[in-house]
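The following exercises are to be worked with the sequence and the coordinates at hand. Each task is followed by a stepwise solution.

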Amino acid sequence: MAQAESIDHPFLDQIQRQSLLVGVVALAACVAGAMLSPEQFFRSYLFGYLFWIGIALGSIALVMLHHVVGGGWGFLIRRLLEAASRTMPLMALLFIPILAGMHYIYIWTHADLVAVDEILQHKQPYLNVPFFITRALVYFLIWTGMVFFLSRWSLEQDRTGDLSLSRRLQMLSGPGLLLYGITVTFASIDWVMSLEPHWFSTIYGLLFIIGQVLATMAFAIVMVAKLSDRKPLSDLASPKHLRDLGTLMFAFVMLWAYFSFSQWLIIWAGDLPEENSWYLSRIKGGWGWIALAVILFHFVLPFSLLLSRQIKRRAKVMMGVAIGMLFMRLVDLFWIVTPAFGGHGSHSAPVHIHWMDLAAPIGIGGLWLAFFAWQLKGKSLTPIKDPGLEEVLASAEGH
């Protein structure tokens, strides 16, 4: 059995220092911008926040998926995903500005609008501030609880070699995946779909679930590519396992495209004004060009590239594909979130990218990456006492 080995601290220290500096500067700029335009600040902050909590949540899902189905791909990225999932306390803290700015973000918090809108009155038992905050608290308690046990038992197995912990992790992960799906679905409804409370989609939660897992897989591939020449990942990161990661990302790209097309087809075929207005506001005023970019660079290009076995076996090329996917996930979220603040249907506002739309994701991401690097310190980058690791090592040596 190989010995536990963690990344050298200077490498992590560099990531932590640089990310923290960039994050603090960018968020400080956003705070200054909030003094001039609080409405824009909170809207940009929500968009940036959704991207980074998506990677934290997707990490929880992929860790549990690995415990349920196994596979060499999971051993390669499991410790990275566990560290990413342990950023959940930070994300809970960073959710406070959204609660503070609810009046600037959600129209259903305006009593005068609710008083004259029958639909908002009908939804008021669900869409009200106290219940919104309560649900958010429940989501974070559930997510943090899952992270606690997944990380604790996994790291405990490294210390003790207790093989029964693998079974315990598997038993938690099955129901945990179901709980993840339910909570993320309701969170996406609360935090994003309620931006336009007159509109609804029954497939909306699935789009966010697949988007989160896809962004997480892309992030994990970037980290593996950066660390593949460093022990201990250099002992595991064989071309075969890199290909497996690429194949999984390919599958999630396909799933995202399938659910996105299904939602569009169902709504467009129904041809109801209260439903297709959501797409109209994301096509007019220049938004259609962003929609086209999402189709081409979020689906067509990665789909074409990931068909190649050779591309999926080359770490640096895969890192480029994954970075492109992360960027397009950010663009897709911008296309989903921002038009909600500009009107509906033919009254949609033209595309306008405010500087805080760039600074907020950078600021939140800087803090997130610094916290992520801190969580990796002093821990083995491989689940060294997991009973399935020997088979993975043998497979790596054979390729």
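**Exercise 1. Determine whether Arg329 is buried or exposed, and describe its surroundings.**

Solution. The model is a predicted one.

Step 1. The relative accessibility of Arg329 is 5%. Buried means under 20%, so Arg329 counts as buried.

Step 2. Arg329 is a residue of helix H17.

Step 3. Its side chain has a polar partner: the side chain of Asp332, at 2.8 Å from that of Arg329.

Step 4. With residues up to four places away in sequence set aside, Arg329 touches Phe51, Gly211, Leu214, Ala215, Trp256 and His298.

**Exercise 2. Establish what lines the largest pocket and which helix contributes the most to it.**

Solution. Step 1. The volume of the largest pocket is about 1,000 Å³.

Step 2. Its lining comprises 34 residues, and those nearest the centre are Phe51, Trp52, Leu326, Phe327 and Leu330.

Step 3. Two or more lining residues come from each of the helices H1 (9-36), H2 (38-69), H11 (204-227), H15 (287-306), H17 (315-337) and H18 (355-376). H18 contributes the most, namely nine residues.

Step 4. Sorted by class, the lining of the largest pocket holds 27 nonpolar, five polar and two charged residues.

**Exercise 3. Compare the end-to-end distance of H18 with the span expected for its 22 residues, and state how far the helix is covered.**

Solution. Step 1. At 1.5 Å a residue, the 22 residues of H18 should span 32 Å.

Step 2. The C-alpha atoms at the two ends of H18 are 32 Å apart, which agrees with the expected value.

Step 3. H18 is mostly covered, with 16 of its 22 residues buried.

Step 4. Just after H18, Gly378 has a positive phi of about 75°.

**Exercise 4. Apply the span test to helix H13, and then find the part that H13 plays in the lining of the second largest pocket.**

Solution. Step 1. Helix H13 covers residues 239-270, and its 32 residues should span 46 Å at 1.5 Å a residue. The end C-alpha atoms of H13 are 46 Å apart, in agreement with that value.

Step 2. Asp271 follows H13 and has a positive phi, near 55°.

Step 3. The second largest pocket has a volume of about 510 Å³. It is lined by 22 residues, of which Ser260, Trp264, Tyr279, Ile295 and Trp335 are nearest its centre.

Step 4. At least two lining residues are supplied by each of H11, H13, helix H14 (273-280), H15 and H17. The largest share, six residues, is that of H13.

Step 5. The classes in the lining of the second largest pocket are 17 nonpolar, three polar and two charged residues.

**Exercise 5. How many cavities of 30 Å³ or more does the whole structure hold, and which residues lie nearest the centre of the largest cavity?**

Solution. Step 1. Rolling a probe the size of a water molecule over the atoms shows where empty space is left.

Step 2. A search of the whole structure finds one cavity of 30 Å³ or more. The volume of the largest cavity is about 170 Å³.

Step 3. Among the 18 residues that line the largest cavity, Leu50, Gly54, Phe208, Gln212 and Leu333 lie nearest its centre.

Step 4. H2, helix H10 (164-191), H11 and H17 supply at least two lining residues each, and the largest share, six residues, comes from H2.

Step 5. The lining of the largest cavity divides into 13 nonpolar, four polar and one charged residue.

**Exercise 6. Decide whether Ile221 and Thr109 are buried or exposed, and list their contacts.**

Solution. Step 1. Ile221 is found in helix H11. Its relative accessible area is 4%, so Ile221 is buried.

Step 2. Beyond its neighbours within four places in sequence, Ile221 is in contact with Leu245, Gly246, Met249, Met318, Met319 and Ala322.

Step 3. Thr109 lies in the loop between helix H6 (102-105) and helix H7 (111-115). With a relative accessible area of 18%, Thr109 is buried, since the cut-off is under 20%.

Step 4. The side chain of Thr109 reaches the backbone oxygen of Tyr106 at 2.6 Å. Leaving aside neighbours within four places in sequence, Thr109 is in contact with Met102, His103 and Val129.

How values were computed. Residues numbered from 1 in each chain as written. Predicted model: local features only at pLDDT ≥ 70, side-chain atom pairs only at ≥ 80, totals over all residues. Heavy atoms only, no water. Helix = DSSP H or I, 4+ residues; strand = E, 2+ residues; numbered from the N terminus. Expected span 1.5 Å × (residues − 1). 1 Å grid on protein atoms, 1.4 Å probe; cavity = no way out; pocket = protein on both sides within 12 Å on 5 of 7 lines; lining within 4 Å. Points joined across faces, edges and corners; volume = space filled by probe spheres on them. Nonpolar A, V, L, I, M, F, W, Y, C, P; charged D, E, K, R; others polar. Buried < 20%, exposed > 50% of the residue type's maximum accessible area, 1.4 Å probe, protein only. Polar contact = N/O pair within 3.5 Å; in protein donor to acceptor, adjacent residues only side chain to side chain. Contact = heavy atoms within 4.5 Å.
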